[in-house]
Amino acid sequence: MEFSSTQSTNNNKDNNMAKSFTFANEDMPNLSTKIAIVTGGNIGIGFEVVRQLLLHEATVIMACRNQQRMDAAIAKLLEETKVPPEKLVGLILDVSNFASIEQFVTNFSSYV
Ligand SMILES: NC(=O)c1ccc[n+]([C@@H]2O[C@H](COP(=O)([O-])OP(=O)(O)OC[C@H]3O[C@@H](n4cnc5c(N)ncnc54)[C@H](OP(=O)(O)O)[C@@H]3O)[C@@H](O)[C@H]2O)c1
């Protein structure tokens, strides 16, 4: 996986100068002291982000709105990455629902 982006800089010398950069998996440092929260991690881009964080030894909180889809994604990621199960924790979160967000914060606070 490689990310690439172009950002506008905003300095006095050259207001419209564009600065581009790429970020590849190999650029990711060891993340064994970090806890990452990934929303939308059960599929697509979020799933791949979780995979790469696990492969770089982060502890990952996968925050998804659907328990079944989250459980299936966790099982698949544990199988593929072979990381210990305690490195990948699933917590329910629907980002469109304030009550769900508050509950997620409570659950996350008791996890850490
Ligand atoms: N954390 C993030 O910022 C994040 C994560 C992933 C994707 N995205 C963005 O989504 C777009 C498409 O990416 P994709 O191809 O990977 O899309 P995708 O395959 O459709 O996945 C989108 C993810 O977002 C989840 N999601 C959608 N609404 C949600 C809500 N209200 N609460 C919690 N989770 C919700 C989906 O969960 P369900 O399976 O339950 O529908 C799914 O896991 C891109 O623009 C990408 O930047 C952002």
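The following paragraphs describe the fold, the nonpolar core, selected loop residues and the ligand surroundings of a predicted model.

The protein chain contains three helices and five strands, and these elements succeed one another along the sequence in the pattern β-β-β-α-β-α-β-α. Of the 112 residues of the chain, 17% count as buried. When contacts between residues at least 6 apart in sequence are considered, 50% of them join residues that are at least 24 apart.

The largest nonpolar core comprises 15 residues, and those that touch the most other members are Val-50, Leu-54, Val-60, Met-62, Ala-63, Leu-77 and Leu-88. Two or more residues are given to this core by each of α1, β4 and α2, with the largest share, five residues, coming from β4. The contacts of Val-60, with neighbours within four places in sequence left aside, are made with Ala-36, Val-38, Val-50, Leu-53, Leu-54, Lys-87 and Leu-88; of these partners, Val-50, Leu-54 and Leu-88 are also listed among the core residues that touch the most other members.

Strand β4, which spans residues 59-64, also holds Ile-61. Ile-61 counts as buried because it has 22 C-beta neighbours inside 10 Å, where 20 or more are required. Apart from residues up to four places away in sequence, Ile-61 touches Ile-35, Ala-36, Ile-37, Val-89, Leu-91 and Phe-108. For one of these partners, Ile-35, the C-alpha atom is separated from that of Ile-61 by 7.2 Å, although the two residues are 26 apart along the chain. Another partner of Ile-61, Phe-108, falls within the range of helix α3, residues 98-111. This helix has 14 residues and reaches 20 Å from its first C-alpha to its last, close to the 20 Å expected at 1.5 Å a residue. Helix α3 is hardly covered, with one buried residue among its 14.

Attention turns next to the loops. Most residues other than glycine have a negative phi. Glu-57, in the loop between α1 and β4, instead has a positive phi near 75 degrees. With 15 other C-beta atoms within 10 Å, Glu-57 is partly exposed. A positive phi, of about 60 degrees, is likewise found at Lys-82, which is not a glycine; Lys-82 is placed in the loop between α2 (67-81) and β5 (88-92). Lys-82 counts as exposed because it has 9 C-beta neighbours inside 10 Å, the limit for this class being 12 or fewer.

Val-83 is found in the loop between α2 and β5 as well, but counts as partly exposed, with 18 C-beta neighbours inside 10 Å. Not counting residues up to four places away in sequence, Val-83 touches Leu-54, Leu-78 and Leu-88. The C-alpha atoms of Val-83 and Leu-54 are separated by 7.1 Å, while the two residues are 29 apart along the chain.

Around the ligand lie 15 residues, of which Thr-39, Gly-40, Gly-44, Ile-45 and Gly-46 come nearest. The shell divides into five nonpolar, seven polar and three charged residues. Helix α1, residues 44-55, gives the most to this shell, with three residues, and is also one of the elements that give two or more residues to the largest nonpolar core.

Notes. Residues are numbered from 1 along each chain as its sequence is written. This is a predicted model: local features need pLDDT of at least 70, side-chain atom pairs count only at pLDDT 80 or more; totals for chains, interfaces and linings use all residues. A residue is near a molecule or strand if its C-beta atom, placed from the backbone, lies within 6 Å of it. Helices (H or I, at least four residues) and strands (E, at least two) are DSSP runs, numbered from the N terminus. Ala, Val, Leu, Ile, Met, Phe, Trp, Tyr, Cys and Pro count as nonpolar, Asp, Glu, Lys and Arg as charged, and the others, Gly among them, as polar. Two residues are in contact if their C-beta atoms, placed from the backbone, lie within 7 Å. The expected span of a helix is 1.5 Å times one less than its number of residues. A nonpolar core is a set of buried Ala, Val, Leu, Ile, Met, Phe, Trp, Tyr and Cys residues joined through C-beta atoms within 7 Å.
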